[in-house]
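User: Hey, I have a structure open here and I'm not sure where to begin. Can you walk me through it?

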Amino acid sequence: MRRVSAVPILALAITCATAGAPAAAKDVIVHMRNQGAAGVMVFEPAFVKVMPGDTVRFLPTDPSHNAETIPTMLPAGVTTSKGQINKEFALTVSTPGLYGIECRPHYAMGMVALIQVGNGPSANLAAARAAKLPPFAARRMAPLLAMAK
Ligand SMILES: [Cu+2]
């Protein structure tokens, strides 16, 4: 039986310990619901603040939803990504800024969420506020943008 050397593991441990000791990356759950406190077809919570390296998990708590990024509401250099209908969508964020999220089937009904990555000020705050969304989506996004820095 081969023995695994402890040296690389020790080196890795030292590397982690000296990397500025960032808080451990965390997972934040967002439910996709047909009915919530804010009305029908909602992400709960709809505003999430996380740190770079964290993962936001959109769960298909009720059927017929997905989560995907809104292309006009992303930090510079971040590419769009999308989850499938009725599937969990795990979005691991590394770039600070604001990430608009929509449910494609219910976007016109206002099913949107906003993720703030980092403590702000977000470089794309003005751009996110200027983004044109469908009327119901804009109505629900406004109070989320008001919470964002
Ligand atoms: Cu939906």
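User: Let's pick a residue. Is L98 buried or exposed?

Analyst: L98 counts as buried, because its relative accessibility is 0% and the cut-off for buried is under 20%. Keep in mind that this is a predicted model.

User: OK, and which strand is L98 in?

Analyst: L98 sits in strand β7, which covers residues 97-102.

User: What does β7 pair with over 6 bridges?

Analyst: That's β8, residues 112-117, and the two strands run antiparallel. L98 has Q116 in β8 as its bridge partner.

User: How do strands hold on to each other anyway?

Analyst: Strands in a sheet pair through backbone hydrogen bonds, in a parallel or an antiparallel way.

User: So which sheet are β7 and β8 part of?

Analyst: An open sheet of 4 strands, in the order β3-β8-β7-β5, with mixed pairing. The edge strands are β3 (47-50) and β5 (68-69), each pairing on one side only.

User: Back to L98 for a sec. How far is its C-alpha from the one in L125?

Analyst: The two C-alpha atoms are 6.7 Å apart, although L98 and L125 are separated by 27 residues along the chain.

User: Cool. What about β1, what does that pair with?

Analyst: One partner is β2: β1 (residues 27-36) pairs with β2 in the antiparallel sense over 5 bridges. Together they make a hairpin with 2 residues between them, and G36 is bridged to G39 in β2. β1 is also joined to β4 (residues 55-59) by 5 bridges, and that pair runs parallel. There, H31 has L59 as its bridge partner in β4.

User: And which strand does β4 pair with over 4 bridges?

Analyst: β6, residues 89-92, in the antiparallel sense. V56 stands opposite L91 in β6.

User: Changing topic: there's a metal in here. What holds the copper ion?

Analyst: Four atoms coordinate the copper ion: ND1 of H65, SG of C103, ND1 of H106 and SD of M111, at 2.0 to 2.5 Å. Along the chain, these donors follow the spacing H-x37-C-x2-H-x4-M.

User: What shape is the copper site, and why does it count as that?

Analyst: Tetrahedral: the angles among the 4 donor atoms are 91 to 132 degrees. Four donors get that label because all their angles lie between 85 and 135 degrees. For reference, the ideal tetrahedral angle is 109.5 degrees.

User: Are C103 and H106 buried or exposed?

Analyst: C103 is buried, with a relative accessible area of 0%. H106 is buried too, at 11%.

User: What about pockets? How big is the largest pocket?

Analyst: Its volume is about 170 Å³. β2 (39-44) and α3 (135-147) are the elements that give two or more residues to the lining, and the largest share, 3 residues, comes from β2.

User: Which residues line the largest pocket?

Analyst: The lining is made of A38, V42, F43, E44, P45, A46, G110, V112, R140 and L144. By class, that's 7 nonpolar, 1 polar and 2 charged residues.

User: You mentioned P45. What kind of peptide bond joins E44 and P45?

Analyst: A cis one, with omega about -5 degrees. P45 is in the loop between β2 and β3. The bond from G120 to P121 is cis as well, with omega near 0 degrees, and P121 is in the loop between β8 and α2 (125-130).

User: Any odd backbone angles besides those?

Analyst: M41, in strand β2, has a positive phi near 55 degrees even though it isn't glycine. S64 is another non-glycine residue with positive phi, near 80 degrees, and S64 lies in the loop between β4 and β5.

User: Are M41 and S64 buried or partly exposed?

Analyst: M41 is buried, with a relative accessible area of 17%. S64 is partly exposed, at 39%.

User: Last one: where's T80?

Analyst: T80 is in the loop between β5 and β6, and at 49% relative accessibility it counts as partly exposed, because exposed would need over 50%. Its C-alpha is 9.8 Å from that of Y99, which is 19 residues away along the chain.

Note on methods
Residues are numbered from 1 along each chain as its sequence is written. This is a predicted model: local features need pLDDT of at least 70, side-chain atom pairs count only at pLDDT 80 or more; totals for chains, interfaces and linings use all residues. Side-chain values use heavy atoms; hydrogens and water are left out. On a 1 Å grid over the protein atoms alone, a cavity is a set of points where a 1.4 Å probe fits but cannot get out, and a pocket is an open set with protein on both sides within 12 Å along at least five of seven lines; lining residues have an atom within 4 Å of a point. Grid points are joined across faces, edges and corners, and a volume is the space filled by probe spheres set on the points. Ala, Val, Leu, Ile, Met, Phe, Trp, Tyr, Cys and Pro count as nonpolar, Asp, Glu, Lys and Arg as charged, and the others, Gly among them, as polar. Two strands pair if DSSP finds at least two bridges between them. Donors are N, O and S atoms within 2.8 Å of the metal (3.2 Å for Na, K and Ca); water is not among the atoms, so sites may look incomplete. Four donors count as tetrahedral if all angles lie between 85 and 135 degrees; four count as square planar and six as octahedral if opposite donors are over 155 degrees apart and all others between 65 and 115; anything else is irregular. Buried means under 20% relative accessible area, exposed over 50%, partly exposed in between (1.4 Å probe, protein chains only).
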